[in-house]
Amino acid sequence: RPGHRNHLLFTPMLASSALGTVNQRSICQPVRPLCAKKKAAYYESRVSKIDKENKAVVCKAHTGHVYSIPYDKLVVGVGFQPNDFGIP
């Protein structure tokens, strides 16, 4: 799927990687193997609602499937959409 990645990319060092001054492996971390190593589950979805009363996060997968994940404690990390300005 275009625009979706299953890895973390540290974009500030992307130009250095292209020039060869930084190894590409140093700025890109695959998510799925990291989750498997920690015996964690990986969900690629968007959060549509945080139900604080029932302590659950309501998610929607790219297929349209809606599901909820219960939590004891919730940490919210704000993401972003990178923009490479069409540079290949």
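**Exercise 1. Describe how the contacts of the chain are spread along the sequence.**

Solution. Among the contacts in the chain with a separation of 6 or more, 23% are between residues 24 or more positions apart, where contact means heavy atoms within 4.5 Å. The model is predicted, with local features needing pLDDT of at least 70 and side-chain atom pairs counting only at pLDDT 80 or more, while totals for chains, interfaces and linings use all residues. Residues are numbered from 1 along each chain as its sequence is written, and side-chain values use heavy atoms, with hydrogens and water left out.

**Exercise 2. Work out the order of the elements and the layout of the open sheet.**

Solution. Begin with the chain, whose elements run β-α-β-α-β-β-β from the N terminus on; helices (H or I, at least four residues) and strands (E, at least two) are DSSP runs, numbered from the N terminus. Next, the open sheet has three strands in the order S3-S4-S5, with antiparallel pairing, and two strands pair if DSSP finds at least two bridges between them. Strand S3 (45-51) and strand S5 (66-70) stand at the edges with a single partner strand each, so one side of each is left without a neighbour in the sheet. Finally, strand S4 (residues 56-61) is joined to S5 by five bridges, and Cys59 has Tyr67 in S5 as its bridge partner.

**Exercise 3. Decide whether Ile50 is buried, partly exposed or exposed.**

Solution. First locate Ile50, which lies in strand S3. Its relative accessibility is 38%, and therefore Ile50 counts as partly exposed, since buried means under 20% relative accessible area, exposed over 50%, and partly exposed in between (1.4 Å probe, protein chains only). For the whole chain of 88 residues, 14% count as buried.
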